[in-house]
Amino acid sequence: MKIPFIPDAAPFNEDQKAWLSGFLAGLHSRAAMPAGQAAAATPGGQAVAEAEVTPRLDILFGTQTGSAAALAEDAADVAHDLGYDAHVIGLDAVPMEQLDEMKSALIICSTYGEGEMPDNAQLFWEAVSAGTAPRLEGLSYGVLALGDTSYDEFCHAGKLLDMRLEQLGGKRIINRVDCDVDFDDPAAAWIDAAVLELQKLADTAVTAPAPAADPEPVVEEKADDKPKWGRKNPYQSPLLENRLLSKQGSGKEIRHYSFDLAGSGMTYEVGDALNIIPENAPDLVSLFLDRFGLKGEEKIDDLDMSLADALQRHFEITTPSRDFIKVVAERSKHEEFASVMASGMKADIDAFLYGRDTLDLLHLDSTPVVDIGELLGLLKPLQHRAYSISSSPKAHGEEVHLTVASVRWDRDAREHRGVCSTFIADRLAEGDTASIFLSPNKAFRLPEDDTAPVIMVGPGTGVAPFRAFLFERQQRGATGDNWLFFGDQHRAKDFIYEEEIGAMSADGILTRLDLAFSRDQSEKIYVQNRMRENGKELFEWLEEGG
């Protein structure tokens with residue numbers, strides 16, 4: 001048996017090293033003894049269970065809005081209960097050397113947009129997919145993939161990771177599960193099954209050691225550092241401000257919102273996102289009910305609510321699901337729709353569906369091609385929407401700000417609206433509460449070095465996080481230069497936060513400001529044009545650590 005030793009580089013004196021070496025050697029010796037001998041070796045002859053080695057389990061996550069991170073914490077709880085030493089790590093914090101040493105790992109990864117890696121997984125993917133990646137024959141792993149079937153490349157990031165780990169020799173101990181937006185139940189089932197499969201493979205028992213005999217055992221409470229508020233239990237935050245930013249005559253409706261976090265215990269950093277759980281518009285719900293000739297009083301037993309409430313608060317009734325589109329396409333007598341879907345040409349299908357919501361597809365035929373019961377089975381759950389935070393906790397205290405463009409468009413003589421952007425614009429008055437929770441984004445942060453220059457490119461509402469960055473740099477007394485590229489259509493109508501940005505320029509907080517308003521001259525000029533014009537200086541800033 002190999003006796004553990006304390007390295008010379010360890011931060012202990014010689015007496016401490018000798019004591020620790022003896023202590024660890026004793027643990028290993030007793031672990032190898034039969035149970036009776038181990039008990040006999042205990043000081044005072046007290047009977048204790050055999051000392052056991054606690055196996056380590058690494059739980060890695062790739063996340064964009066925080067869902068994968070939350071599931072990783074759930075998996076750690078399950079693993080801890082079974083005696084594992086579970087470590088939750090973001091993929092961006094896993095170098096290849098550390099991956100090479102892992103024996104058991106569960107990977108939970110979301111997919112961003114059309115098949116992209118989430119922000120905190122991109123560098124890991126580049127390293128693990130390179131030809132220099134280590135062989136992983138000693139790794140037992142499983143992958144849980146999160147995605148959205150509204151996108152073509154459903155769960156693509158998780159699929160890539162699963163395949164690559166297998167290519168590198170890893171042993172898949174459980175089949176990958178690809179979860180849609182309603183992931184709670186399948187994810188929980190996968191986590192339970194994955195940890196149990198690892199338990200079967202463990203060379204040592206994974207149950208926690210039994211305590212020594214004690215008439216009144218002392219239970220040490222484990223600190224719970226999980227966020228108090230989340231997707232399942234959002235915080236009810238009062239709206240403090242709803243202010244129109246764009247000017248009269250603008251083609252856009254951009255608003256500034258402020259929510260109150262006082263008393264919530266919620267904290268955030270610049271670069272994080274705020275999630276809002278919206279409700280569907282009551283008038284849209286009424287149109288759905290009218291289409292089926294229903295009043296909405298019908299009871300939905302599974303949800304313990306009325307049909308009207310379910311359509312307003314539980315189901316996604318604006319964006320049609322893939323399953324719904326498929327069923328309508330199979331049954332519809334609408335010639336153009338049937339022809340486009342039969343062609344299988346993605347560009348033509350997207351063009352036909354563009355701007356059409358679920359109700360539009362229900363109106364393609366004279367009568368609905370599904371009944372209300374089947375429709376509910378084809379709809380997806382109503383999801384939260386994530387927005388970049390545009391405030392700094394150092395500058396704005398217990399408020400959190402958003403900068404949101406209200407989405408509205410007309411089609412077939414009916415106004416269509418973005419679900420969340422118009423929920424907060426039209427149906428939240430100051431003092432009303434919204435269901436919110438925070439999502440950290442550790443991959444999108446200001447540099448810790450306050451002397452480092454920062455380049456920010458944020459046209460339109462994309463300026464939101466950089467407003468937060470500038471206020472944060474101001475409060476931190478950062479001396480590094482700040483360069484902002486901003487643009488939109490018309491300066492007189494669309495220059496949001498103009499007074500704030502102007503004041504920061506005058507005060508020297510904003511070292512340089514380059515603007516591009518595309519419709520103010522005959523030739524359209526965009527932010528990327530300004531960046532090309534200043535390419536030499538941009539490169540110099542990057543060379544200086546920007």
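This is a short selection tour through one chain, from the whole fold down to single residue pairs.

**Whole chain**

Keep in mind that the model is predicted. Show everything as cartoon. The chain holds 21 helices and 19 strands. Now colour by burial: 45% of the 546 residues are buried. A contact map is worth a look too. Among contacts with a separation of 6 or more, 74% link residues 24 or more positions apart.

**Stop 1: β1 and β2**

Select residues 56–62, strand β1. Is this strand mostly covered or mostly open? Mostly covered. Six of its seven residues are buried. Add residues 85–90, strand β2. The two strands pair in the parallel sense, over six bridges. For one pair to label, pick Phe61, whose bridge partner in β2 is Gly90.

**Stop 2: the six-stranded sheet**

Next, select β12, β9, β16, β7, β8 and β13. That is the strand order across an open sheet with antiparallel pairing. Go to the edges. β12 (385–388) stands at one of them and β13 (399–405) at the other. Each has a single partner strand, so one side of each is left without a neighbour in the sheet. Then turn the view to look along the sheet. Neighbouring strands are turned by 40° against each other on average, direction ignored.

Zoom in on β7 (residues 235–244) and β8 (residues 254–260). How many bridges join them? Five, and the strands run antiparallel. Label Leu244, then Arg255 in β8: these two stand opposite each other.

**Stop 3: the helix across the sheet**

Keep the sheet on screen and add residues 419–426, helix α16. This helix lies across β7, β8, β9 (273–277), β12 and β13. Its direction is at about 70° to β8.

**Stop 4: α11 against α12**

Hide the sheet. Select residues 335–343 for α11 and 346–353 for α12. Their axes are 8 Å apart, and the packing angle is about 150°. An angle over 145 degrees counts as roughly antiparallel, and therefore α11 is roughly antiparallel to α12. The crossing of α11 past α12 is left-handed.

Show side chains. Which residues meet here? From α11 come Glu336, Phe337, Val340 and Met341. From α12 come Asp348, Ile349, Phe352 and Leu353. Colour this contact by residue class: six are nonpolar, two are charged and none is polar.

Methods: Residues are numbered from 1 along each chain as its sequence is written. This is a predicted model: local features need pLDDT of at least 70, side-chain atom pairs count only at pLDDT 80 or more; totals for chains, interfaces and linings use all residues. Side-chain values use heavy atoms; hydrogens and water are left out. Two strands pair if DSSP finds at least two bridges between them. Helices (H or I, at least four residues) and strands (E, at least two) are DSSP runs, numbered from the N terminus. Axes are lines fitted to C-alpha atoms, for helices over the stretch in contact, and angles run from 0 to 180 degrees between N-to-C directions. Contact means heavy atoms within 4.5 Å. Angles under 35 degrees count as roughly parallel, over 145 as roughly antiparallel, 65 to 115 as roughly perpendicular and the rest as oblique. A crossing is left-handed if the near helix is turned anticlockwise from the far one by less than a right angle, and right-handed if clockwise. Ala, Val, Leu, Ile, Met, Phe, Trp, Tyr, Cys and Pro count as nonpolar, Asp, Glu, Lys and Arg as charged, and the others, Gly among them, as polar. Buried means under 20% relative accessible area, exposed over 50%, partly exposed in between (1.4 Å probe, protein chains only).
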